[in-house]
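Q: Could you walk me through reading strands, their pairing and the core in a structure like this one?

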Amino acid sequence: MSRMTPFSSPLLLGFDTMEKTLERIAKGSEGYPPYNIERIRASADGANADRLRITLAVAGFCEEDLDVTTEENQLVIRGRQAEVEGREYLHRGIAARQFQRMFVLADGMQVVGAELKNGLLSVDLIRPEPERMVRKINISVRD
């Protein structure tokens, strides 16, 4: 028995990888670290375009512990903390924990910067407005 998917319509051409991406997202990852995603509206004078900002709570991580990369159409944020040798804990409630958080980016999305401040890592993204194009396709007639 075959399974019907939202992208199985013959009218949707070239979306065959989209289902795999959605399945990967649905599997998800653990909830660490917590994050926010916010839209930052363009300025009234039109100087800045709308942006998205992803903010992760990464208390205890320094700049050297964090890695922000784009791999194909994914934004990957990794954190690795090294264990400090020679410490003797009477109680350990804060673990030196590694994480990897992935966000799938739409075509054209660009990462414009990342900032670490007060235990929050903010990553800003933009999507430049694509040029609207209409292209006439010539029809050839064969006799």
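Q: Let's start with one residue: in which strand does Val123 lie?
A: Happy to. In this predicted model, Val123 belongs to strand β7, which covers residues 120-126.

Q: How do I judge whether Val123 is buried or exposed?
A: Look at the relative accessible area: under 20% counts as buried. Val123 comes out at 0%, so this residue is buried.

Q: And which residues does Val123 touch once its sequence neighbours up to four places away are set aside?
A: The list is Leu52, Arg53, Ile54, Val68, Leu75, Ile77, Val111, Gly113 and Ala114. Take Val68 as an example: 55 residues separate it from Val123 along the chain, while their C-alpha atoms are 8.6 Å apart.

Q: What should I keep in mind about side chains when I look along a strand?
A: In a regular strand, side chains alternate between the two faces of the sheet.

Q: Now the pairing. How many bridges join β6 to β7, and in which sense do the strands run?
A: There are 7 bridges between β7 and strand β6 (residues 110-117), and the two run antiparallel. One pair to find on screen is Lys117 with its bridge partner Leu120 in β7.

Q: What links β6 and β7?
A: They make a hairpin with 2 residues between the strands. Check the backbone in that turn: Asn118 has a positive phi of about 55 degrees.

Q: How do I read a strand order, for example in the open sheet of 3 strands?
A: Read across the sheet rather than along the chain. Here the order is β3-β4-β5, with antiparallel pairing. At the edges are β3 (66-71) and β5 (99-104), each pairing on one side only. From one strand to the next, the twist averages 15 degrees.

Q: Which details describe the pairing of β3 with β4?
A: β3 and β4 (residues 74-79) are antiparallel and share 6 bridges. Within this pair, Thr69 stands opposite Val76 of β4.

Q: Finally, the core. Which residues of the largest nonpolar core touch the most other members?
A: That core has 15 residues, and Val58, Leu75, Ile77 and Phe99 have the most contacts with other members. At least two core residues come from each of β2 (51-57), β4, β5 and β7. The biggest contribution is from β7, with 3 residues.

Q: What surrounds Phe99, again leaving out residues up to four places away in sequence?
A: Phe99 touches Tyr32, Pro33, Leu56, Val58, Phe61, Leu66, Ile77, Arg78 and Gly79. Try displaying Ile77 as well, since you have met it before: Val123 also touches Ile77.

Conventions. Residues are numbered from 1 along each chain as its sequence is written. This is a predicted model: local features need pLDDT of at least 70, side-chain atom pairs count only at pLDDT 80 or more; totals for chains, interfaces and linings use all residues. Side-chain values use heavy atoms; hydrogens and water are left out. Two strands pair if DSSP finds at least two bridges between them. Helices (H or I, at least four residues) and strands (E, at least two) are DSSP runs, numbered from the N terminus. Axes are lines fitted to C-alpha atoms, for helices over the stretch in contact, and angles run from 0 to 180 degrees between N-to-C directions. Buried means under 20% relative accessible area, exposed over 50%, partly exposed in between (1.4 Å probe, protein chains only). Contact means heavy atoms within 4.5 Å. A nonpolar core is a set of buried Ala, Val, Leu, Ile, Met, Phe, Trp, Tyr and Cys residues joined through side-chain atoms within 4.5 Å.
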